[in-house]
Amino acid sequence: MPAKRATKSPVADHDKAHDVKEAFEISWNGYYKHAFPHDTLRPVTNGYADDRAGWGVTVVDALDTAIIMNSLEIVQPMLDHIAKIDFTTTAKANEAISLFETNIRYLAGLLSGYDLLKGPYKHLGADPKKVDALLQQAQSLGDSLSVAFDTPSGIPDPTIFLNPAKKHSGTNKNNVAEIGTLVLEWTRLSDLSGNKTYAELAQKAQDYLLHPKGASEAWPGLIGTWVNIGDGNFLDSSGGWSAYDDSFYEYLIKMYVYDPKAFSGYKDRWVAAVDSTVKHLVSHPTTRKDLSFLSAYNGQRTIPSSGHLASFAGGNFILGGIVLGEEKYKELGIKITESYYETYIQEAAGIGPEGFNWVDAALASNDPNNRAPPANQADFYKKTGFYNTSPYYILRPETVESIYYSYRLTGDKKFQDMAWTAFQQIRRLCRVNDGYAELSDISKKNGGSFVDEMQSFWMAETLKYLYLIFAADGPVHVQGQGAKNQFVYNTEAHPMAVRG
């Protein structure tokens, strides 16, 4: 039994919180000046893109960050815009809409804004009619998206269309992340609206993932990635904690936080998955055995490959450890967080890469999945324990997300220092014109060149988690030291009030 960890209460650092808030205000003002009410700012050219149905995804996704930062002067124009969105159609005919992205960014953003402005941020004094409109708009959007579930099995189609007719794409498969990352938002929508249908649709689809049939689990709790929409059977036994799989596992424990009685079965599946992850997927590079990365798998063969997206797992393990009172999951979470943060420290730009590989010390050297680094990265690998496969940075949040959970658990200032170091590099290298841009190559000191995009999750997630690491304590925070969690964060960092 590991010794009980000494913890300190988290302490606010108002100066650093102020600096993060300033970056948020710069981002919002740049978006508002050059891109509003379109979806996404193109900060290099001061242009815009409508890449998320043209409803203004940056506005909806960033709303609760502005609320948490007590920025009523930003919240008001956001609420004005949201009240006018027509979620029943798109301006462009035959525009493909991602169920997953629309759910995590728009639907969750509306629900979170509603929960916050009706709850701990009522004091902001937002117009009550506009606050009520958030829930009405969430129902309108839920009604539009529900066509995705009109399939033989009830597993949703990943893509829908609203103009000229409401329909889904008719594809024959979907992945577990896009099926299993609906249940929190749709259950919350049912609880707030009183209409049980939303929860029933998402939970029915989720059941196929909780009780998998078809291709077998690789190990207990670790399921395949692709599911047949016709009959709900699994088509493969490959997966991991990265794209197409990640947030399915994330939501298992988060549904337990939302309501431990109703969703205890989800928790059991999370425990099975994490215990199997510890046994089979936690991997140590040959040149840095002190690091722990998470391998992918194909059946029972592991692949030492990971990326920025998977670094959220550290925070997810910590959350599970907190709510289950299990020290082993907290320890694992901190270890994973610190290891993925190493990818920031070791890169020339001080920012972690999108994708990387390593040579797994536990695998045979002639295993085809255990690929040696390319010659031009051999020295880098010797020093760092990983080598780059995708060296770009798209303003992702997952590493600072796990640092946030680590700080809330321990109160250890070193996690604030880690977040501050990362923030300073991102702020310095990504700032361009009136916003922040993605970077093409973080293996170069200057980050390579700018990529002309500022995705909405920069303001929804990255800046929110950075701000919360330094902000004063409050009910919206993850409670890491004994208090009950009043909110649970969706995969896009939208806090939703838990049941009860």
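Okay, let's start with one residue, T337. Setting aside the neighbours within four places of it in sequence, T337 is in contact with G314, G315, I318, S402, I403 and S406. Before I go on, a quick reminder that what we have up here is a predicted model. T337 itself sits in helix α12, residues 327-346. Is T337 buried or exposed? Its relative accessible area is 2%, so T337 is buried.

Now, several of those contact partners turn up again in a helix pair, so let's go there. The pair is α11, which covers residues 313-324, and α14, which covers residues 398-410. How do the two axes run? They come within 7 Å of each other and cross at roughly 30°. With the cut-off for roughly parallel being under 35 degrees, that makes α11 roughly parallel to α14. As for handedness, the crossing of α11 and α14 is left-handed.

Which residues meet there? On the α11 side you've got A313, G314, G315, I318, L319 and I322, and on the α14 side S402, Y405, S406 and L409. Sort the residues of this contact by class and you get 6 nonpolar, 4 polar and no charged. And if you look back at T337, its list includes G314, G315 and I318, along with S402 and S406.

Okay, second helix pair. This one is α5, residues 128-145, with α7, residues 183-193. Their axes come within 11 Å and cross at roughly 130°. So α5 and α7 are oblique to each other. Again we have a left-handed crossing where α5 passes α7. From α5, the residues taking part are L135, A138, Q139, G142 and L145, and they meet W186, L189, L192 and S193 of α7. By class, that contact has 6 nonpolar residues, 3 polar ones and no charged ones.

Let me pick out A138 from that group. A138 belongs to helix α5, and because its relative accessible area is 0%, it counts as buried. Leaving out the neighbours within four places in sequence, A138 is in contact with L107, L110, L111 and L189. What about A138 and W186, how far apart are they? In sequence they are 48 residues apart, and from C-alpha to C-alpha the distance is 9.8 Å.

Right, on to aromatics. How many aromatic pairs does a search of the whole structure find? The count is 32. I'll show you two of them. Take W241 and F317: the ring centres are 5.0 Å apart and the planes are at 80°, so this pair is edge-to-face. It links distant parts of the chain, with W241 in the loop between β8 (238-239) and α9 (246-258), and F317 in helix α11, 76 residues apart. Both W241 and F317 are buried.

The other one is Y436 with W458. Here the centres are 5.1 Å apart and the planes are at 45°, so we call this pair tilted. Y436 is in strand β17, residues 435-436, while W458 is in helix α16, residues 457-470, so the pair ties together parts 22 residues apart in sequence. And how much of each is accessible? Y436 has a relative accessible area of 2%, so it is buried, and W458 counts as buried at 1%.

There's also a whole cluster to look at. Ring pairs link F293, Y340, F356, W358, F380 and F386 together. Of those, Y340 falls within the residue range of α12, 327-346.

Last bit: some backbone details. Where are the cis peptide bonds I want to show you? One joins F36 and P37, with omega about 0°. P37 is in the loop between α1 (14-34) and β1 (40-42). Another runs from N163 to P164, with omega near 5°, and P164 lies in the loop between β4 (159-161) and β5 (167-168).

Then there's positive phi. A53 is not a glycine, and yet its phi is positive, about 75°. You'll find A53 in the loop between β2 (47-49) and α2 (57-68), and at 7% relative accessible area it is buried. N94 isn't a glycine either, and its phi is positive at about 55°. N94 has its place in the loop between α3 (72-84) and β3 (97-98).

That's my tour, thanks!

Terms used. Residues are numbered from 1 along each chain as its sequence is written. This is a predicted model: local features need pLDDT of at least 70, side-chain atom pairs count only at pLDDT 80 or more; totals for chains, interfaces and linings use all residues. Side-chain values use heavy atoms; hydrogens and water are left out. Axes are lines fitted to C-alpha atoms, for helices over the stretch in contact, and angles run from 0 to 180 degrees between N-to-C directions. Helices (H or I, at least four residues) and strands (E, at least two) are DSSP runs, numbered from the N terminus. Angles under 35 degrees count as roughly parallel, over 145 as roughly antiparallel, 65 to 115 as roughly perpendicular and the rest as oblique. A crossing is left-handed if the near helix is turned anticlockwise from the far one by less than a right angle, and right-handed if clockwise. Contact means heavy atoms within 4.5 Å. Ala, Val, Leu, Ile, Met, Phe, Trp, Tyr, Cys and Pro count as nonpolar, Asp, Glu, Lys and Arg as charged, and the others, Gly among them, as polar. Rings of Phe, Tyr and Trp (its six-membered ring) pair if their centres lie within 6.5 Å; planes under 30 degrees apart count as stacked, over 60 as edge-to-face and the rest as tilted. Buried means under 20% relative accessible area, exposed over 50%, partly exposed in between (1.4 Å probe, protein chains only).
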